[in-house]
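Got the viewer open? Let's take a walk through this one together, one selection at a time.

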Amino acid sequence: MSAAAKNGSLGVYVSVPFCRAKCSFCNFASGVGNDAAVAAYVEKLTAEIRSARADAERMGVVLPDAVDTVYFGGGTPSLLLPEQMRAIFAALRESFSLASGAEMTLEAAPGQIDDALLESVMRDGVQRVSLGVQSFVDRESSAVGRTHTAAECFAEFEHLRNAGIANVGVDLIAGLPHQTAASWRQTLDALAASRVQHASVYMLEIDEDSRLGQEVLRGGERFHAPHVTSDELATELYEQACEALPAMGYTQYEISNFAQAGFESRHNRKYWQRAPYFGFGLDAHSMLLRGDGAALRFANTDELASYGFGSRTRPEIVDEDAAFEESIFLGLRLREGVNVAALREAFGARADALRLAVQEMCEAGWMVERDGCWTLTLQGRVISNEVFGRLLEPVEV
Ligand code: SF4
């Protein structure tokens, strides 16, 4: 880890913000779009990708030569037509050199990956598919507006395996309406039976940005809001996953992410390791490095109507204080944690000033110092935001 993040290779994120139906819990910038809206979006997206080099130059950014991860998220990018995906790949190849063996991921919904699309993206290098399953209990997934059943998920796993996709991930959510410890166990058992390589386990977020969140906050009855689990139960479900998944062969390599050996997401690791990534499309975020080593962060608008040229936020320089904080709260998300010697080399006295706070966290059972690294314990992972807040309270340097 260094004050300036690593600049060896680049990750690229491409946002495709269209879905067949909007899930009630979803707080992403995504929605249902008609064919014309999708086609118009792809036009703007490919233009944005083609202007990447010129944009980088204007910002004084040094783009790494090779792209070694590409992630198509959203949204449900598997709903695009094969020719639309080919146009996006063509734009990517015009602007970037895609490394051979680059990790390329396509997000998809079970039952919504057409054979022609799959064949096309695989020819372009996609070898990883991430499926939004959320729950293997049909009552729970239908309550939040998912359109698939558990049986359809298993049919999709088979479909992908037969097509030659050997790296499949699923997203699951703890805290959904109607969930219980027993039904969550059913979901975890189904995960084990699925033989997929990767699982992300998130806690349901209750906020104003989703219809379910709004309904819970106003005490309403729509969207099964009264049946959302308590915070305590959601926490227990998360802990249950942290304990059960390693026994099923999935190592927890990040607060929300579990993988079989060799199947960690290389793209997502870049976010936590502060390595550069360039995002394109609606609500896509970027972190790039300038020639002087300073990191720049910027993002695209999350309003579809205003997406296009000039809809990016002004790039902000990540100053030394912010870089230090990012190194702590992103590094601690990872299983290997924060390397203390590297932190000291990058930030000097700032790192030493954390010692007392770390000691308190260790005494509370939330962190441990092992092999020269600070890491979170299971208890610490459960309340990670509180731990980050306490660690980063202003300290005398
Ligand atoms: S959760 Fe995924 S599939 Fe559902 S609306 Fe949001 S982006 Fe679309």
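Buried here means under 20% relative accessible area, exposed means over 50%, and partly exposed is in between, with a 1.4 Å probe and protein chains only. Helices (H or I, at least four residues) and strands (E, at least two) are DSSP runs, numbered from the N terminus. You're looking at a predicted model, where local features need pLDDT of at least 70 and side-chain atom pairs count only at pLDDT 80 or more, while totals for chains, interfaces and linings use all residues. Residues are numbered from 1 along each chain as its sequence is written, and side-chain values use heavy atoms, with hydrogens and water left out.

**Stop 1: a three-stranded sheet**

Select strand S15, residues 373–376. Both of its faces are covered: Cys-373 and Thr-375 on one side, Trp-374 and Leu-376 on the other, are all buried.

Now add the partners. Two strands count as paired if DSSP finds at least two bridges between them. S15 runs antiparallel to S14 with four bridges, and antiparallel to S13 with two. Together they form an open sheet in the order S13-S15-S14. Strands S13 (338–339) and S14 (367–370) stand at the edges with a single partner strand each, so one side of each has no neighbour in the sheet.

Which residue in S15 is the bridge partner of Arg-370? Pick Cys-373 and you have it. Glu-369 is matched with Trp-374, and on the S13 side Asn-339 stands opposite Cys-373.

Zoom in on the S14–S15 hairpin, which has two residues between the strands; Asp-371 takes a positive phi near 50 degrees there.

Next, show helix H14, residues 355–363, which packs on the sheet and touches S14 and S15. Contact means heavy atoms within 4.5 Å. The direction of H14 makes about 115 degrees with that of S14; axes are lines fitted to C-alpha atoms, for helices over the stretch in contact, and angles run from 0 to 180 degrees between N-to-C directions.

**Stop 2: strand, helix, strand**

Select S5 (residues 168–174) and S6 (residues 198–203), which run parallel and are joined by six bridges. One bridge pair to find is Asp-171 with Ser-200 in S6. Add helix H7 (residues 181–194), and S5, H7 and S6 make a right-handed β-α-β unit. Right-handed means that, with the strands pointing away from you, the path from the first strand over the helix to the second runs clockwise.

S6 also pairs with S8 (residues 257–259), this time in the antiparallel sense over three bridges. His-198 has Ala-259 in S8 as its bridge partner.

Before leaving, click His-178 in the loop between S5 and H7. Is His-178 buried or exposed? At 15% relative accessibility, His-178 counts as buried. Not counting residues up to four places away in sequence, His-178 touches Arg-139, Glu-140, Ala-143, Ser-183, His-224 and His-227.

**Stop 3: the nonpolar cores**

In soluble globular proteins, nonpolar side chains tend to be buried together. A nonpolar core is a set of buried Ala, Val, Leu, Ile, Met, Phe, Trp, Tyr and Cys residues joined through side-chain atoms within 4.5 Å.

The largest core has 100 residues, and those with the most contacts inside it are Phe-72, Ile-88, Leu-92, Phe-96, Leu-131 and Leu-391. Helix H9 (residues 231–247) gives the most to this core, with six residues. Color domain 1 (10–271) and domain 2 (319–397): the core draws at least three residues from each. Those domain bounds come from an automatic or database domain assignment.

Now center on Phe-72. Leaving aside neighbours within four places in sequence, Phe-72 is in contact with residues including Val-14, Met-85, Ile-88, Leu-92 and Val-126. Apart from the largest core lies another, of 10 residues, among them Cys-26, Ile-173, Ala-225 and Val-228.

**Stop 4: backbone oddities**

Select Gly-74 and Gly-75: the peptide bond from one to the other is cis, with omega near 10 degrees. Gly-75 lies in the loop between S2 (66–74) and H3 (82–95).

Then try Arg-274, in the loop between H10 (266–273) and S9 (277–280). Arg-274 has a positive phi of about 60 degrees although it is not a glycine, and it is buried at 3% relative accessible area. Asp-283, in the loop between S9 and S10 (285–289), also has a positive phi of about 60 degrees without being a glycine. Asp-283 is partly exposed, with a relative accessible area of 31%.
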